[in-house]
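Please look over the fold of this protein and report on its sheets, cores and largest pocket. Keep the account brisk.

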Amino acid sequence: MKAGVMKRALLVGLVSMATLAGCHSFKKENVQPPTPLDKDFKPTAQVSRLWTSSVGKGAGESGLRLRPAFADGVLYVASTDGKIEALDASSGKTLWSKSSSTKGWFGWGDKKRKDAFYAGGPGVSGDLLAIGTLDGHVYGINAKDGSPRWESTLSSEVLAAPAVVGGLVIVRTGDGRLYGLDSSSGERRWAYDQGNVPLLSLRGNGPLLAANGVIFFGSDNGKLVALRLDNGEKLWEQNMASGEGRTEIDRLNDADGVIVLDGSTLYGAAYHGNLVAVDGPSGRPLWSRPFSTFTSVDVAGNALYGVNEDSQVWAFDKSGGADMWKNDKLKYRWLTAPSVQGNYVVAADSEGYVHWLQTSDGALAARERLSKKPIRAQPLVVGDTVYVEDVKGRIGAYRLGGH
C-alpha cells in the first residue's frame, strides 16, 4: 500500500472512531444518550418475524455497513471474517456457504496471508456475485453454488458493494478510484481517479448506482458524480456540500449514502451538506436544501425520507424539498438509513431495534428487536418483507401485514 494511501486510511479510521463508532459508545460525556423508547407504545401496524439466521461475525468492529443483496429469491450475505453465504429468502435456509482460508480464498499465495476479509458487501446479477475485501481484492463468484470464477487486485480496500451491470463489475476503492472490470474474467477495462481525495473522511463509501449506461456515486468531498459505464469518462458533477469550516472535522463533507433515482431525477445528501435533486441526463441542479446525514435517503410517492446526523427522521416534498414532517422520538438512537416498505418507513438503531413509521405523518407504527447489537446497514426491502442485519452478522426477515 502506498504511503499516502496508508496515511489517509489511518486518518479515516481516527475520524470514524470520533464521529461514528463513538456514537455507539454512550460512556463518553460528549455523546448524547439515546432517547428512551416509549414503554407504553401500542403498535398500529402488524409485523411478524419470519426467520433469523447469521453469517460469521458480521461487520464486527470495522465500522462497515454490510448489507445483504437479493436476487431471484436468494439472499446473499457476507462477513469481515471471511464467510459468504446464500440463503433462501423466504425461509432463511442456507443454500451454500463458503469460508476463506489462511492461504487466501482461492488457495494461492503466502500461507500466513488471509485475504478474504469481505468489506463492501456482495453485488449480484444473474449467476455472478462480486465482492471486495479490505486488502483490495475483488472476487467473482458463481452465485449458484459459491464456486470461484476470478479474482482481481486493485489499489485499495473495497468498502462498497460492486455493481454488476452491462458485462462489467464496477468497483470503488477507498483511495478514490473506480474500476470497470470485465464480468467474465475480472480483467480491468477502465479506471477513474477522483484526483484530490480528502485526507479526512468518514469510514466507508456509498453504494454505486448504475442506470441508463451511467454510474452515479457520492464522493468523499461531497459531490454527486456521473461516469459513463462503458469507459469511465466523467460526464458531470454537482456539489452536495461546500467543504467549509474552521477545522478539518468541520470540513468533513462525505456523501456516504446511495444516490437514488426516481424517474429521471437523482436525489442525494452529504454530511455537513445538503439534500439535492439533480436532473440525471444533464446534471442540472433542480433544488437544494440544508440536510446533514451520514446515510442514504429513500423515495416513494411524492416524498423523500432521510435520517439526519442526530437520528431525527424527516420527510420532504420531492418536488421542491419542503418539509412534510419530522419525528424526533428516535433522536440519538443512531438510526440506519431509512427504507420505504409499503406505507411505512423502516429504520433500525444502535440497540438492535427495528422501527416502522407511517409515511403519512411519521408516527411510530411498529417495533421489533433483532438483537441487542447495533444495526448499521440500511434495511433491505423486497416486496412485503424487509431484511435486517446487525454488526455481529445476525439477520432477520420481517413481513409487514395489515393494520
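Two strands count as paired when DSSP finds at least two bridges between them. In this predicted model, one such bridge links Leu-380 to its partner Tyr-387 in strand 31. Strand 30 and strand 31 (residues 385-389) are antiparallel and share three bridges.

**Overall make-up**

The protein has one helix and 32 strands. Of its 403 residues, 57% are buried. Consider contacts between residues at least 6 apart in sequence: 48% of them join residues at least 24 apart.

**The sheet with strands 30 and 31**

Strands 30 and 31 belong to an open sheet of four strands, ordered 1-32-31-30, with antiparallel pairing. Strand 1 (47-54) and strand 30 are at the edges. Each has a single partner strand, so one side of each lacks a neighbour in the sheet. On average, neighbouring strands here are turned by 20° against each other, direction ignored.

**The sheet of strands 10 to 13**

Another open sheet has four strands in the order 10-11-12-13, again with antiparallel pairing. Its edge strands are strand 10 (163-165) and strand 13 (188-193), and each pairs on one side only. The average turn between neighbouring strands of this sheet is 15°, direction ignored. Strand 10 pairs with strand 11 (residues 168-172) in the antiparallel sense. Three bridges hold that pairing in the assignment, and Val-164 has Val-169 in strand 11 as its bridge partner.

**Strand 23 and its two hairpins**

How many of the five residues of strand 23 are buried? Five of the five residues (303-307) are buried, so the strand is largely enclosed by the rest of the structure. Both faces are covered. Ala-303, Tyr-305 and Val-307 are buried on one side, while Leu-304 and Gly-306 are buried on the other.

Strand 23 runs antiparallel to strand 22 and also pairs in the antiparallel sense with strand 24 (residues 313-317). Each pairing forms a hairpin. The table sets out the two.

| Hairpin | Bridges | Residues between strands | Turn residue with positive phi | Bridge partners |
|---|---|---|---|---|
| Strand 22 and strand 23 | three | two | Gly-301, about 60° | Val-299 and Leu-304 |
| Strand 23 and strand 24 | five | five | Ser-311, about 65° | Tyr-305 and Ala-315 |

**Nonpolar cores**

The largest nonpolar core has 16 residues. Tyr-76, Ile-84, Tyr-118, Val-124, Leu-129, Ile-131 and Ile-141 touch the most other members. Several strands each supply at least two residues of this core: strand 2 (69-71), strand 3 (74-78), strand 4 (83-88), strand 7 (128-132) and strand 8 (137-142). Strand 3 gives the largest share, three residues.

A second core, separate from that one, holds 15 residues. Its members include Ala-348, Ala-366, Tyr-398 and Leu-400.

Back in the largest core, what does Ile-131 contact beyond its neighbours within four places in sequence? Its partners are Ala-78, Ile-84, Tyr-118, Gly-121, Pro-122, His-137, Val-138, Tyr-139, Ile-141 and Pro-162. Among them, Ile-84, Tyr-118 and Ile-141 are also listed with the residues that touch the most other core members.

**A buried loop residue**

Thr-336 lies in the loop between strand 25 (323-327) and strand 26 (339-341). Is this residue buried or exposed? Buried means under 20% relative accessible area. Thr-336 has a relative accessible area of 1%, so the residue counts as buried. Residues up to four places away in sequence are not counted in its contacts. Thr-336 touches Thr-295, Val-307, Ala-347, Ala-348, Ile-375, Arg-376, Ala-377, Gln-378 and Pro-379. Two of these names appear above: Val-307 is a buried residue of strand 23, and Ala-348 is in the second core.

**The largest pocket**

The largest pocket has a volume of about 1000 Å³. Its lining comprises 47 residues. Nearest its centre lie Arg-67, Ala-161, Pro-207, Leu-208 and Val-258.

Which elements give two or more residues to this lining? They are strand 2, strand 6 (123-125), strand 10, strand 14 (209-211), strand 18 (260-262), strand 22 (298-300) and strand 30 (380-382). Strand 10 gives the most, with three residues.

Several of these strands have appeared already. Strand 2 also supplies the largest core. Strand 10 is an edge strand of its sheet, as strand 30 is of its own. Strand 22 forms a hairpin with strand 23.

Note on methods
Residues numbered from 1 in each chain as written. Predicted model: local features only at pLDDT ≥ 70, side-chain atom pairs only at ≥ 80, totals over all residues. Heavy atoms only, no water. Axes fitted to C-alpha atoms, helices over the stretch in contact; angles between N-to-C directions. Core = buried A, V, L, I, M, F, W, Y, C linked by side-chain atoms within 4.5 Å. Buried < 20%, exposed > 50% of the residue type's maximum accessible area, 1.4 Å probe, protein only. Contact = heavy atoms within 4.5 Å. 1 Å grid on protein atoms, 1.4 Å probe; cavity = no way out; pocket = protein on both sides within 12 Å on 5 of 7 lines; lining within 4 Å. Points joined across faces, edges and corners; volume = space filled by probe spheres on them.
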